[in-house]
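Got your viewer open and a selection box ready? Let's take a walk through this one, stop by stop.

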Amino acid sequence: FLKATNLFLNDADESVRRSCLTKDRARRGYSPMCTENFASLIGDDGPNDLVRKFRVGPVINKDQKKIEAEKEKGLDEEVTEIEKKLSCLLRPNVWPTKDVWDEDSVAYFRTSIEAFYKESCRVSRGVVHAMCDGLLQANNENTDNIDLLRSSIDALLKSLMMSNNNEETDQIISSRDTSDTSILTLLGYQKGSRHRQHGKQIRPLVAPHTDVGVVTLLLFDQGDSAKLQRIDREAENQWIDVALPRIQNECDPVFVINIGDCLSELSHGMLPSTIHRVIPKIIHGGGKKGKKKKNMTDLTTTAITPRNCLALFVGLEPTQMLTLPSSSPTIEGAERITYEEWRKRRIAQAAKVLREKSNEKEEIKA
């Protein structure tokens with residue numbers, strides 16, 4: 001899977017990647033370097049993300065199949081009408097074709113990524129189920145909020161189809177794949193200008209942010225051009241490196257799990273969102289003695305190789321009703337909202353904070 005990711009993000013010509021540009025790059029298709037800004041997700045104005053991204057959604061989607069069939073017939077108007085009726089979270093996938101890439105690479109890339117999407121979704125359901133079990137056990141004696149918490153978690157598990165008592169789980173999960181809002185993002189980090197460290201300043205490849213969904217599953221390769229960090233909640237302005245063991249067996253991967261804003265809110269903050277960033281990994285001691293560049297430290301950028309990551313941002317059914325514990329101490333008074341509405345509101349709140357900060361800066365300048 002990571003080999004297929006590297007093939008597309010690094011080995012393929014840029015024209016192959018740009019053949020997958022879409023109007024909605026935040027959910028489907030290719031997004032070139034420095035065209036997105038994850039800092040905005042927490043209302044901050046950080047540098048644009050120095051990373052290539054490629055996004056896909058559900059593999060099995062009846063609307064997507066219909067769209068592909070209509071496109072082959074050249075019926076663009078029919079395609080537009082179908083897409084208008086779709087949730088913004090269920091847009092069709094876009095893949096490179098043999099018109100811009102060789103046929104073997106096209107088939108290998110698509111088959112590999114579709115397979116990983118399906119398997120990582122299955123793994124994510126088990127991860128979320130285990131977290132929810134832990135939450136309920138930890139709060140079992142807290143009678144004040146256990147019923148509200150259970151109501152929130154039940155809706156979450158219902159959307160993820162993780163009922164242990166359902167004899168038709170496999171069939172339900174298969175049907176759920178048609179409306180899964182989870183997004184698999186291929187991330188490609190390369191050596192660039194931000195790998196040159198000026199003094200003590202570190203310029204992130206991806207600025208500090210949280211993820212909007214339920215959880216995020218991350219699988220990294222062995223490249224060394226980027227390093228994932230999480231904020232240290234016990235020390236101000238300190239970051240902790242996420243150190244991973246070297247992969248010995250590709251069949252036994254090591255996943256990193258980040259808590260998303262949705263799970264954080266449904267757990268009433270008991271599982272706080274993971275604030276994280278990606279920084280350039282600076283290699284020590286690669287330059288010649290006594291030959292420092294002006295305004296540069298002796299940290300150099302030798303032996304840096306691209307680093308790729310497969311990130312599954314786990315989402316829920318667009319119409320799944322959620323119970324928000326933060327809105328009321330009782331089930332009766334708690335706000336109920338669909339996942340799609342909640343997601344739009346969460347992003348709108350971040351945009352509002354960003355605007356307010358921008359206005360404050362303008363007032364100070366004035």
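## Stop 1: Phe 54 and the core

Start by selecting Phe 54 and showing what lies around it. Leaving out residues up to four places away in sequence, Phe 54 touches Phe 8, Cys 20, Gly 29, Tyr 30, Val 94, Trp 95, Phe 109, Leu 184, Thr 185 and Leu 186. Keep in mind as you click around that this is a predicted model.

Now widen the view to the largest nonpolar core, which has 67 residues. Phe 54 is one of the members that touch the most others, along with Phe 8, Phe 109, Ile 113, Leu 156, Leu 184 and Val 214. Which helix gives the most to this core? Select residues 103-138: that is helix H5, and it contributes 10 residues.

While you're here, look at Cys 20 again. Cys 20 is buried, at 0% relative accessible area, and Cys 121 is buried too, at 1%. With a disulfide taken as a pair of cysteine sulfur atoms within 2.5 Å, the count comes to zero.

## Stop 2: the six-stranded sheet

Switch to cartoon and colour the strands. There is an open sheet of six strands in the order S1-S2-S3-S12-S5-S8, with antiparallel pairing. S1 and strand S8 (256-259) stand at the edges; each has a single partner strand, so one side of each has no neighbour in the sheet. On average, neighbouring strands here are turned by 20° against each other, direction ignored.

Next, pick out strand S3 (residues 183-189) and strand S12 (residues 307-313). They run antiparallel and are joined by seven bridges. For one pair to label, take Ile 183, whose bridge partner in S12 is Phe 313.

## Stop 3: strand S5

Select 215-220, which is strand S5. Is S5 enclosed or open? Six of its six residues are buried, so S5 is largely enclosed by the rest of the structure.

In a regular strand, side chains alternate between the two faces of the sheet. Colour S5 by face and you get Val 215, Leu 217 and Leu 219 on one side, with Thr 216, Leu 218 and Phe 220 on the other, and both faces are covered.

Leu 217 is a handy anchor for checking the pairing. S5 runs antiparallel to S8, with four bridges between them, and there Leu 217 has Ile 257 as its bridge partner. S5 also runs antiparallel to S12, joined by five bridges, and in S12 the partner of Leu 217 is Leu 312.

## Stop 4: helix H1 across the sheet

Go to residues 2-11, helix H1, which is mostly covered: seven of its 10 residues are buried. Those buried residues are Leu 2, Ala 4, Thr 5, Leu 7, Phe 8, Leu 9 and Asn 10. Phe 8 you have met already, as a contact of Phe 54.

What does H1 lie across? It crosses S1, S2, S3, S5 and S12, running at about 110° to S12.

## Stop 5: Asp 49 in its loop

Jump to the loop between strand S1 (29-31) and strand S2 (52-56), where you'll find Asp 49. Is Asp 49 buried or exposed? It is buried, with a relative accessible area of 1%, and the cut-off for buried is under 20%.

Measure from the Asp 49 side chain: one of its polar atoms lies 3.2 Å from the backbone nitrogen of Phe 38. Setting aside neighbours within four places in sequence, Asp 49 is in contact with Met 33, Cys 34, Thr 35, Glu 36, Asn 37, Phe 38, Leu 205, Val 206 and Ala 207.

## Stop 6: the four-stranded sheet

Val 206 and Ala 207 from that contact list lead you to strand S4 (206-209). S4 belongs to an open sheet of four strands, ordered S4-S9-S6-S7 with antiparallel pairing. S4 and strand S7 (239-241) are at the edges, each with a single partner strand, so one side of each is left without a neighbour in the sheet. Neighbouring strands of this sheet are turned by 35° against each other on average, direction ignored.

Add strand S9 (residues 276-280) to the selection: two bridges join it to S4, and the two run antiparallel. Label His 209 and you'll see it opposite His 276 in S9.

## Last stop: Asp 154

Finish in helix H6 (residues 146-160), home of Asp 154. Asp 154 counts as partly exposed, at 42% relative accessibility. Draw a C-alpha to C-alpha distance to Cys 132: the two are 9.0 Å apart in space and 22 residues apart in sequence.

Notes. Residues are numbered from 1 along each chain as its sequence is written. This is a predicted model: local features need pLDDT of at least 70, side-chain atom pairs count only at pLDDT 80 or more; totals for chains, interfaces and linings use all residues. Side-chain values use heavy atoms; hydrogens and water are left out. Buried means under 20% relative accessible area, exposed over 50%, partly exposed in between (1.4 Å probe, protein chains only). A polar contact is a pair of N or O atoms within 3.5 Å; within protein, one must be able to donate a hydrogen and the other to accept it, and residues adjacent in sequence count only if both atoms are side-chain atoms. Contact means heavy atoms within 4.5 Å. Two strands pair if DSSP finds at least two bridges between them. Axes are lines fitted to C-alpha atoms, for helices over the stretch in contact, and angles run from 0 to 180 degrees between N-to-C directions. A nonpolar core is a set of buried Ala, Val, Leu, Ile, Met, Phe, Trp, Tyr and Cys residues joined through side-chain atoms within 4.5 Å.
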